[in-house]
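Q: I am new to this structure and would like a close look at a single part of it. Could you walk me through the largest pocket and what surrounds it?

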Amino acid sequence: MTFRVLSKANDLLARTAGTRPVLGIDTGTPIAALGLVVDGRIAGSISQPVPSHCASLPLAVDELLRASGLTPRDLGAIAVGIGPGSFTGLRIGLSYAKGLVMASGCAIVGVNSLDALAATTLASPAAHQGVLVCPLVDARRGEIYAALYRIVSDGLEKLSEDLVVALEHLTSRIEGEVVLVGDSRANDAAALLSSRGLGVAVLDICSLDSRGGLLAAIGAARFSRGEIDRPASLEPLYLRPPAAALKSRSGQSAQAVSRTEDLWSDERKNSSGSI
């Protein structure tokens with residue numbers, strides 16, 4: 001079984017030298033994250049809470065591009081976070097990215113939002129080889145979106161698929177030292193893990209200025225290898241159907257479905273190559 005490895009930021013950026021600029025956008029949480037990679041370096045990054053992604057995103061993109069003397073037509077690609085995350089936020093970000101692609105003629109690359117969030121932990125003092133990393137954000141309905149990774153010599157090894165589960169279900173499966181990164185639900189998870197005597201470090205998504213830049217770096221590394229997506233077929237990663245569809249399932253709730261997930265099932269682990 002081959003696991004997916006997320007390379008360290010410097011390794012990702014080294015692969016992008018000489019490629020056209022890549023803009024990164026993630027609107028899957030209330031914290032808008034944008035980044036810009038130009039010629040093998042992160043040229044800019046924005047992370048800020050916004051009342052409305054729809055109203056704030058165009059202004060933030062314009063600010064980021066103008067600071068580097070660029071226009072949308074200078075872009076080689078747009079890396080867009082496809083989730084999991086807020087249904088509305090993901091749709092706004094992806095629709096906006098597709099609009100820019102149509103207007104500028106650049107490529108589009110979908111990036112897993114939890115991968116980008118997990119990558120921010122590698123700069124933390126708590127991050128060392130062998131430690132577990134768990135990015136998690138509120139999924140509402142008493143659940144969280146999360147995934148599990150382990151720090152290895154060349155980056156992060158992804159151990160699980162992307163999950164939508166009850167917080168207690170996830171934390172009951174975690175053993176050993178762990179770095180949690182996410183919104184307020186990360187603090188809830190830390191309390192549960194600390195009560196079991198586990199070593200826990202927490203990174204608050206509100207203070208992660210690097211998230212947009214790292215998402216852009218992951219997308220730029222893929223773009224440099226020619227791994228681009230088709231705008232017409234690129235869709236958000238929801239993990240579960242909308243509430244209306246869930247209500248149509250006779251006698252089966254969202255929580256009941258999520259609790260049947262086996263976090264450690266070999267059949268559900270990622271098997272793609274290194275990023």
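A: Here is a tour that starts at the pocket and then moves on to an aromatic pair and a helix.

A word on the model first: it is predicted, so local features need pLDDT of at least 70 and side-chain atom pairs count only at pLDDT 80 or more, while totals for chains, interfaces and linings use all residues. Residues are numbered from 1 along each chain as its sequence is written, and side-chain values use heavy atoms, with hydrogens and water left out.

Rolling a probe the size of a water molecule over the atoms shows where empty space is left. A pocket here is an open set of points, on a 1 Å grid over the protein atoms alone, where a 1.4 Å probe fits, with protein on both sides within 12 Å along at least five of seven lines; lining residues have an atom within 4 Å of a point. The volume of the largest pocket is about 390 Å³, counted as the space filled by probe spheres set on points joined across faces, edges and corners.

Its lining has 18 residues, and Gly28, Pro30, Ser86, Asp138 and Arg140 lie nearest the centre. Two elements, α3 (87–104) and β7 (132–140), give two or more residues to that lining; helices (H or I, at least four residues) and strands (E, at least two) are DSSP runs, numbered from the N terminus. β7 gives the most, with four residues. By class, the lining has eight nonpolar, five polar and five charged residues; Ala, Val, Leu, Ile, Met, Phe, Trp, Tyr, Cys and Pro count as nonpolar, Asp, Glu, Lys and Arg as charged, and the others, Gly among them, as polar.

Helix α3 also holds Phe87, which is linked to Tyr238 in the loop between α7 (211–224) and α8 (243–247), 151 residues apart. These two form a tilted aromatic pair, 4.4 Å centre to centre with 40° between the planes. Rings of Phe, Tyr and Trp (its six-membered ring) pair if their centres lie within 6.5 Å; planes under 30 degrees apart count as stacked, over 60 as edge-to-face and the rest as tilted. Phe87 counts as buried at 18% relative accessibility, whereas Tyr238 is partly exposed at 22%. Buried means under 20% relative accessible area, exposed over 50%, and partly exposed in between (1.4 Å probe, protein chains only).

Finally, helix α7 is largely enclosed by the rest of the structure, because 13 of its 14 residues are buried. Gly226, which follows α7, has a positive phi, near 80°.
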